[in-house]
Amino acid sequence: MAAASAVRAVGRRSRRLFDIFVAEVPWTVSSKELKEYFSQFGSVQRCQLPFDRDTGFHRRYCWIKFSTPEEVQNVLQKDSHILEGSKLTLRQQTRRRRSQRKNPSA
């Protein structure tokens with residue numbers, strides 16, 4: 001029984017992704033371009049670029065997900081990130097457990 005839970009825990013750790021929040025993304029940049037740019041720092045697992053349903057444009061921010069914390073550090077060590085003439089604002093995303101999130105109805 002303990003061996004099975006240890007295997008599940010290892011599986012969860014291997015699926016964990018490490019995030020960077022990116023703001024000030026130019027309107028003309030696509031998720032594919034973001035993924036290509038950030039892949040120079042490590043293996044990009046996912047790029048989430050949310051769109052506004054009303055305007056059809058993306059919201060000028062995204063999340064980039066990496067496999068390891070070392071890849072995140074590679075990105076954060078660079079002084080500035082510039083895409084299509086615009087300086088991106090980066091912040092390491094910290095995950096909160098649902099129990100730690102503020103209750104919006106309170």
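# A tour from the hairpin to the core

Select strand 4 and strand 5 to begin: the two form a hairpin with two residues between them, and Glu84 in the turn has a positive phi of about 50 degrees. The model is a predicted one. Strand 4 covers residues 81-83, and strand 5 covers residues 86-92. The two strands run antiparallel and are joined by three bridges. For one bridge pair, pick His81, whose partner in strand 5 is Leu88.

**The sheet**

Now show every strand. What is the order of the strands in the open sheet? There are five strands, in the order 2-3-1-5-4, with antiparallel pairing. The edges are strand 2 (44-48) and strand 4 (81-83), each of which pairs on one side only. From one strand to the next, the twist averages 30 degrees. Strands of a sheet pair through backbone hydrogen bonds, either parallel or antiparallel.

Keep strand 5 selected and add strand 1, residues 18-23. Strand 1 and strand 5 pair in the antiparallel sense over four bridges. Colour Phe21 together with Arg91, its bridge partner in strand 5. Then colour Val22 with Leu90, its bridge partner in strand 5.

**The aromatic cluster**

Return to Phe21 and add Tyr61 and Trp63; these residues form one aromatic cluster. The model has seven aromatic pairs by the centre-distance rule, within 6.5 Å. For Phe21 and Tyr61, the ring centres lie 5.7 Å apart and the planes stand at 35 degrees, so this pair is tilted. Phe21 belongs to strand 1 and Tyr61 to strand 3 (residues 61-66), so the pair ties together parts that are 40 residues apart in sequence. Next, look at Tyr61 and Trp63: their ring centres are 5.5 Å apart and their planes are at 85 degrees, so this pair is edge-to-face.

Switch to a surface view of the cluster. Which of its residues are buried and which are partly exposed? Phe21 has 14% relative accessibility and counts as buried, because the cut-off is under 20%. Tyr61 is partly exposed at 26% relative accessibility, and Trp63 is partly exposed with a relative accessible area of 24%.

**Helix 2**

Select helix 2, residues 31-38, and mark its buried residues: Leu34, Tyr37 and Phe38. Turn the view to look down the axis of helix 2; the buried residues fall within an arc of 85 degrees, so they line one face of the helix. An α-helix has 3.6 residues a turn, so residues three or four places apart point the same way. Expand the selection to what these buried residues pack against: strand 1, strand 2, strand 3, helix 3 (69-77), strand 4 and strand 5.

**The core**

Finish with the largest nonpolar core, which has 19 residues. Select Val22, Leu34, Phe38, Ile64 and Phe66, the residues with the most contacts inside this core. Strand 1, helix 2, strand 2, strand 3, helix 3 and strand 5 each supply at least two of the core residues. In soluble globular proteins, nonpolar side chains tend to be buried together.

Centre the view on Val22 as the last stop. Leaving aside residues up to four places away in sequence, Val22 touches Phe38, Arg60, Tyr61, Cys62, Ile64, Leu88, Thr89 and Leu90.

How values were computed
Residues are numbered from 1 along each chain as its sequence is written. This is a predicted model: local features need pLDDT of at least 70, side-chain atom pairs count only at pLDDT 80 or more; totals for chains, interfaces and linings use all residues. Side-chain values use heavy atoms; hydrogens and water are left out. Rings of Phe, Tyr and Trp (its six-membered ring) pair if their centres lie within 6.5 Å; planes under 30 degrees apart count as stacked, over 60 as edge-to-face and the rest as tilted. Buried means under 20% relative accessible area, exposed over 50%, partly exposed in between (1.4 Å probe, protein chains only). Two strands pair if DSSP finds at least two bridges between them. Axes are lines fitted to C-alpha atoms, for helices over the stretch in contact, and angles run from 0 to 180 degrees between N-to-C directions. The arc is that of the directions from the helix axis to the C-beta atoms. Contact means heavy atoms within 4.5 Å. A nonpolar core is a set of buried Ala, Val, Leu, Ile, Met, Phe, Trp, Tyr and Cys residues joined through side-chain atoms within 4.5 Å.
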